[in-house]
Amino acid sequence: MMRTGARQYVVARPLYSEDSFNEKHNKVYRHRKTMLDHVRQYFSCDAKRAKNAALSLLPVIGWMKIYKVKEWLLSDVVSGISTGLVAVLQGLAYCLLASLPPWYGLFAAFFPVVIYFFLGTSRHISVGPFPVLCLMIGSVVTRLVPDEGPAANITGFEGLTRDEQRVLVASSITFLAGIMQLAMGLLQVGFVVMYLSDTLVSGFTTAAAIHILVSQLKFVLGLQVPGISGPLSLIYTLEIIFNQITSSNVCDVVISLIIMVVVFIVKELNDRFKSKLPVPIPIEVIMTVIACGVSYAFDFKTRYGIEVVGQIPKGYEPPVAPNLHIFQETAVEAFPMAIVGFAVAFSVAKVYSIKHDYTIDGNQELIAFGVSNIFGASFKAFAASTALSRSAVQESTGGKTQVAGLLSAIIVMIVTLAVGFLLEPLPKSVLGAVVIINLKGMLMQFGEIPYLWRRDKPDCVVWVVTCIAAILLGLDLGLGVGLGVELISVVLRVQFPRCSLLANIRGTDIYKDRKDYTSIYEPEGVKIFRMPSPIFFANMDFFRNKLVEALGFNPLRVLKKRNKALNRIKKLLKKGDLQWTATGFLNTTNGYVKEPEDDSGTEELEQPVDYRELPARIDWNARLPANIVVPPVDVHSLVLDFAAVSFLDITALKGLKTLLKELIRVEVEVYIVACDQYILEKLHSCCFFDDEVQPSMFFLTLHDAMLHILEKHPEATGKRSTDDKVKDANQENIKYRTVPRSLLTHL
């Protein structure tokens, strides 16, 4: 009931334990599906399921039915032409990263796009070459077919030129990565990409940007630098570049600087005035056309000795089968390529799907990229994903659907079939400069380090370690190291959570960390302990140690001490050295009572305290006879807040039961509150309860348990608090229970 005129509410209800609540409120029986039920459902088929499966495998049917020709077609045409021009340039440029002849980049900008048009769920990403993937492919290509020395001993290399061998390696590893993506999609394991956090991807792509920058220096400077792969390859490449720096081609350097300066300035203008420009100025395309014309007019290749793209064959090459021997040599590298390519594309697609209010399917995206890479590799294309800059062009120029992507593929096809010869005099230094200037966004991610350090230091460590490992060890090993560090950070956060002792906020039914507030109330002899994480084999000891630290005593040690003391008292009573009187134990000897040797076993000392042979129970916090000393226990009730405990494994169940028994045997009442229903069911099914550990210790809420404790131990209300006066609960915002008013006045 809401109180009128105030933001207060009053609830009158009985005090509930879990048992009493279940007795009063009937639960709905729900049939739990078994693994066999899920398997049957997965493989069952009817007309509706077949229709949905067809629509999910061909998303193009879904969005083509709602395609608004009059409103969307013109935007898609403009976007497709703009994106196609950028795709041509990036295809040529990024192909250099893969250590392949430039025109094969046009294949990668065509075949995967056509397949994704039919199978992809994103309407805005531009599929094609991605610089990080190209670099990963290039490291494998240069490992198997180095610039200097013989190629690896692989069946199928006989009679092929060096370029043909490299193309075979690139297409084979792309085919293998596509198979992996397709298999993951069919097995519905698209969730694996969730293990690549934004922090890890940011650090990884930043390291990739460093690798890309260094790999393009040889084109920008006009040097002959052999491709190097493996750990520390970046250091060795820089060493070679600095040793040859005096041999740089001045013409290449000047062309690269001009291209980079002009492209950088115009891109900044595009960003600043994007709201006023109908489409971004395609400055890379413009500068490429100018550079081609100038290079052709002044014959840069002959006059200045610069390296140009060279002859671009017309048309497409016949399909080839992948090399199985290369599969064996590159399986380790293919898996991170499959994961990285999908992760980047899916993250970009997710951004645009949220912005334009439609859904994407991770598993279907895996299938789409898997089939795209398999189909593209058959025609000598290399692995495709999405480039952030190209997708931004497709979306910002008004692209509404993948019709824009299909039109961009048509532009690439026109260049491949008809006008490719016009790009033959294009200097490779221009392509290198374009690649470097497009790294700005990834290199700017270094600015995330101070932000992460201030906000979340473990995430910052993941970023830095991933970046450094990928720079020094290579992208494949660096990704593995980063993933390992990320998982370790997650495990450590769960294994060592921030436990706390809670206290009641005066006049409310709210409980917060006692260190954070001043106006709190703590009943005497009551401890409220909160563990904000699952409890499992890795953190069970941590949970126990933190709880013992919060209690101020070790229950097992106290129990052993009490049993030892009890055995000694029983022996002294039998010998007549002690007698029981109305006022307590009386020492009948005048001198010091020698402590007898205790021959009790460890298991016996851990049993419940047995008072059967004694005339009365012993007050362990009082002065004991015969110089017996037992650690005092000033806690009579312990409340464990399990609101944040999502699961318990078998190790935790055993450890928790042992701990509860130890506490109960030293006369500490234990209450567990806000326990998840799944955990309660698991406790019952695992025979957790017995004569000592009973279901009655579980309470619905923390406040229910506290009111029960105060009702059972009214003397606990005398505990001092941070306020001098105890306010009446009627004047505060509190949920009332049907318990004596004298108890409520303390909370």
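**A note on packing, helices and sheets**

1. Let me start with Phe 300, which is buried, with a relative accessible area of 11%. That places Phe 300 under the 20% cut-off for burial. Please keep in mind that this is a predicted model. Phe 298, by contrast, is partly exposed, because its relative accessible area is 44%.

2. Aromatic pairs deserve a look: the count comes to 28. One of them joins Phe 107 and Phe 111, whose ring centres are 6.5 Å apart; the planes meet at 75°, so this pair is edge-to-face. Phe 111 counts as buried at 6% relative accessible area, and Phe 107 is buried too, at 2% relative accessibility. The rings of Phe 298 and Phe 300 also pair, but stacked, with 6.4 Å from centre to centre and 25° between the planes.

3. Phe 107 and Phe 111 belong to one aromatic cluster, which also takes in Trp 103, Tyr 104, Phe 110, Tyr 316, Phe 375 and Phe 379. It is worth displaying these side chains together.

4. Helix 12 covers residues 250–272. Does its length fall in line with expectation or out of line with it? Its 23 residues, at 1.5 Å a residue, should span 33 Å, and the end C-alpha atoms are indeed 33 Å apart, so the two values agree. At the N-terminal end, Asn 249 acts as the cap, with a side-chain oxygen 3.0 Å from the backbone nitrogen of Cys 251.

5. Cys 251 is also one of the buried residues of helix 12. The others are Asp 252, Ile 255, Ser 256, Ile 259, Met 260, Val 263, Val 266 and Asn 270. Which helices help to cover the buried residues of helix 12? Among them are helix 10 (198–221), helix 13 (283–298), helix 14 (300–304) and helix 19 (428–437).

6. Turning to the strands, strand 6 (residues 526–530) pairs with strand 3 (residues 500–505) in antiparallel fashion through 2 bridges. Here Leu 501 sits opposite Phe 529. Strand 6 is also joined to strand 9 (residues 637–641), this time parallel and through 5 bridges. Arg 530 has Asp 641 of strand 9 as its bridge partner.

7. On the overall layout, the domain assignment gives domain 1 as 71–145 + 160–491 and domain 2 as 500–553 + 633–713. Taken over C-alpha atoms, the centres of these two domains are 54 Å apart.

8. Finally, Leu 572 lies in helix 25 (residues 555–575). Leu 572 counts as buried because its relative accessibility is 2%. Its C-alpha atom is 60 Å from that of Val 485, with the two positions 87 residues apart along the chain.

Definitions and conventions:
Residues are numbered from 1 along each chain as its sequence is written. This is a predicted model: local features need pLDDT of at least 70, side-chain atom pairs count only at pLDDT 80 or more; totals for chains, interfaces and linings use all residues. Side-chain values use heavy atoms; hydrogens and water are left out. Two strands pair if DSSP finds at least two bridges between them. Helices (H or I, at least four residues) and strands (E, at least two) are DSSP runs, numbered from the N terminus. The expected span of a helix is 1.5 Å times one less than its number of residues. Buried means under 20% relative accessible area, exposed over 50%, partly exposed in between (1.4 Å probe, protein chains only). Contact means heavy atoms within 4.5 Å. A polar contact is a pair of N or O atoms within 3.5 Å; within protein, one must be able to donate a hydrogen and the other to accept it, and residues adjacent in sequence count only if both atoms are side-chain atoms. Domain bounds come from an automatic or database domain assignment. Rings of Phe, Tyr and Trp (its six-membered ring) pair if their centres lie within 6.5 Å; planes under 30 degrees apart count as stacked, over 60 as edge-to-face and the rest as tilted.
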